[in-house]
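Q: I'm new to this structure and would love a close look at one part of it. Could you walk me through a place where two helices pack together, and what lies around it?

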Amino acid sequence: MRPLLWAKRVLLGSIALLVLYQVWLFGWVLWWNWANPDVTRFMAIRLEELRRQQPEAQLRKQWVPYDRISVHLKRAVVAAEDARFVDHEGFDWDGIQQAIAKNQKQGRVVAGGSTISQQLAKNLFLTPARTPWRKAEEAVITLMLEAVWSKERILEVYLNVIEWGNGVFGAEAAARHYHGVPAAQLSREQAARLAGMVPSPRFYDRNRNAPGLARKAAIILARMPSADLP
């Protein structure tokens, strides 16, 4: 009986720790609905990587409110990353099915199907690792974000914290890094290029004239007029 009792205690302890962890995450979600995140988990990971090569390295980032981000960039990112953003509740099931079908056809992972809310959950709290646990935690945090935050807040935080280059985070830093203008002054074409960089920002930072980026930007430009914003 003693081994069984020990196993039950371990199980209950593990469940209690898991619940406490979820409560801790939810506390941050509640807080960041009012306060702007300073450093996300992704930022901390990238900064650690940069400092292995350059101990004095710093991230380039500057928070700007929603109304000081070009509407062109908002439309471009929604068109490129999550066309149903304003309609879904965190998960785009049609998009997930399409991504699965595309990956099966290609025989490798070429599409993810993650929404802006899912990407934000990952950036705020998790790591780039693709494990079942991380995906499950991402789903839980996505539900938290959608339950507590408005769509405008989700998009505002997303545009301020995502990676846009080697040590470059957020729309303001990206606009100045690539185009020498503040985020509020981005043109349609500049916004489309920045949106096209989101899936592979460090690659496009090193390869700004990659032909694939120009093609992606042209597609995004064509989709932008139909992109709905919160």
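A: Happily! Let's begin with the residues that meet: I116, S117, Q119, L120, N123 and L124 in α5 touch K151, I154, L155, V157, Y158 and V161 in α7, where contact means heavy atoms within 4.5 Å. These residues divide into eight nonpolar, three polar and one charged; Ala, Val, Leu, Ile, Met, Phe, Trp, Tyr, Cys and Pro count as nonpolar, Asp, Glu, Lys and Arg as charged, and the others, Gly among them, as polar.

A word on the background: this is a predicted model, in which local features need pLDDT of at least 70 and side-chain atom pairs count only at pLDDT 80 or more, while totals for chains, interfaces and linings use all residues. Residues are numbered from 1 along each chain as its sequence is written, and side-chain values use heavy atoms, with hydrogens and water left out.

Helices here are DSSP runs (H or I, at least four residues), and strands are E runs of at least two, numbered from the N terminus. The axes of α5 (residues 116-125) and α7 (residues 151-161) come within 10 Å and cross at roughly 50°. Axes are lines fitted to C-alpha atoms, for helices over the stretch in contact, with angles from 0 to 180 degrees between N-to-C directions.

Next comes T115, in the loop between α4 (93-106) and α5. T115 counts as buried because its relative accessibility is 1%, buried being under 20% relative accessible area with a 1.4 Å probe, protein chains only. Leaving out residues up to four places away in sequence, T115 touches D82, H88, G90, F91 and D92.

How values were computed: Buried means under 20% relative accessible area, exposed over 50%, partly exposed in between (1.4 Å probe, protein chains only).
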